[in-house]
There are 2 protein chains.
Amino acid sequence: MNKVSIFPVMHLPEFDTGHEIVKELIEVLEENKISLEDSDVIVITQKIISKVEGRKIDINKEDIEEVIKNESLQIIRKRGETIIAKTKHGFICANAGIDKSNIEEGFALLLPEDPDKTCRDIRKKIEHETGKKISVIICDTFGRAWRKGQTNVAIGSSGIEPLESYIGEKDTFDNELFATEIAIVDELAGAAELVMKKSDNIPIVIIKGVKYNISDLGVDELIRNPEEDFFL
Amino acid sequence: MNKVSIFPVMHLPEFDTGHEIVKELIEVLEENKISLEDSDVIVITQKIISKVEGRKIDINKEDIEEVIKNESLQIIRKRGETIIAKTKHGFICANAGIDKSNIEEGFALLLPEDPDKTCRDIRKKIEHETGKKISVIICDTFGRAWRKGQTNVAIGSSGIEPLESYIGEKDTFDNELFATEIAIVDELAGAAELVMKKSDNIPIVIIKGVKYNISDLGVDELIRNPEEDFFL
């Protein structure tokens, strides 16, 4: 079995509304000594997607709690200044994913409207430009229940089966594996974070050597139905 | 910035009670063309730790629900056959982490009693044998609230700060970063899973090129106090 390698993409511009991510990425690949191959996974931070898609708000002009409500299906918990909300996409996270870091003071970024669609568009453009069959993930750092700290998770994906199922397969003792489905897109997002680092400026990471199933499904596949969720 | 590389360790034996993990690992490194360097992260699956430590039960002789209760501080949710329990370590997971896969039929494995201590012991042995300053993580696949699928997370660690804090640091826009603490040990556990694969037999993975802070803290640092938890 081969190793997996995680490459940070350096020398990208400071992205803003209207920038073309695919064009900018392809332009710096050579400088980064990276050539795209089939099965590469391209992990892009939500920040630059939101900027390029103009999902920026002026927090002096808008009531942030109102904006959080507008971006949410449901407020799950509220204690003091912390609001845990279920976004329109179905993600459960602090402040509906609205964040004031890595943007000019006085502004905040909303999550992309349809991250799975954005991944699909980016994947198709890259495949058109390079002739390689790749997959694309958009990631963001979310907190979780019970465990301290945040981890990078996938909020959009295209070209990769988000949930890899081992149901029906056998382990090395010939036991059938029950109920094991690995959220591989979340593990890839977490792996990408290892070279992204919050305070550096690494918005795109390329992961090589991962075996995965090609699929048309997106991250919306990971959203658990409320009636199947023990913790809502 | 350098890339991160994730190497599966092949050719290890089928581990059982009394096997010496460090000895077996060091013996196969050359065959794997891996040489240990300072800052390498060694990720070991819970399965082999539990086996080596004799945490095996005969499920024909013991009442599994009784065993789950004995291994737990608290039963968090119970619906049908699914029990979500808080283990003595403070982990919240299905069946208190007791698992019937990757072991002979009729048996199940309990979680290690003190995974942080096991990591410390393994780290010290490896450092003694090789003279390299490394870190060790024990991982297991847990489900999570709200999102389908399982991901690999850390249940023990040594030599690495489990929670990397960016509080007080500045982003590229010179904004101070608030409340950003990355659970890097969980991201490393997830990254390791990318080459482990559930039905293959890859119990140890070596990750090279990660920048992290050396620390005496273990994964118990990640357990959130119940009074600070919104979802208990």
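**Two chains, strand by strand**

Modeller: Here's a place to start: Lys86(A) has Ile92(A) as its bridge partner in S6(A). This is a predicted model, where local features need pLDDT of at least 70 and side-chain atom pairs count only at pLDDT 80 or more, while totals for chains, interfaces and linings use all residues. Residues are numbered from 1 along each chain as its sequence is written, with chains lettered from A and ligands numbered from 1 in the order in which they are written.

Biologist: What makes S5 and S6 of chain A a pair?

Modeller: Strands pair if DSSP finds at least two bridges between them. Strand S5 (residues 82-87) of chain A has three bridges to S6(A), in the antiparallel sense, so they count as paired.

Biologist: Which strands form the open sheet, and in what order?

Modeller: In chain A the order is S4-S5-S6, with antiparallel pairing. Strand S4 (72-79) and strand S6 (92-94) of chain A are called edge strands, as each pairs on one side only. From one strand to the next, the twist averages 25°, an angle between lines fitted to C-alpha atoms, taken in N-to-C directions on a scale from 0 to 180 degrees.

Biologist: How many helices and strands does chain A have?

Modeller: Five helices and twelve strands. Those are DSSP runs numbered from the N terminus: H or I over at least four residues for a helix, E over at least two for a strand.

Biologist: How do you know that the size of chain A agrees with a compact globule?

Modeller: The rule is 2.2 Å times the number of residues to the power 0.38, and the radius of gyration is taken over C-alpha atoms. For 232 residues that gives near 17 Å, and chain A has 18 Å, so the two agree.

Biologist: Why is H5(B) called mostly covered?

Modeller: A residue is buried if 20 or more other C-beta atoms, placed from the backbone, lie within 10 Å of its own (exposed: 12 or fewer; partly exposed: in between). In H5(B), 13 of its 13 residues are buried. In chain A, buried residues make up 46% of the 232.

Biologist: What span should helix H5 of chain B have?

Modeller: Expected span is 1.5 Å times one less than the number of residues. Residues 184-196 should therefore span 18 Å, and the end C-alpha atoms are 18 Å apart, which agrees. Right after H5(B) comes Lys197(B), with a positive phi near 55°.
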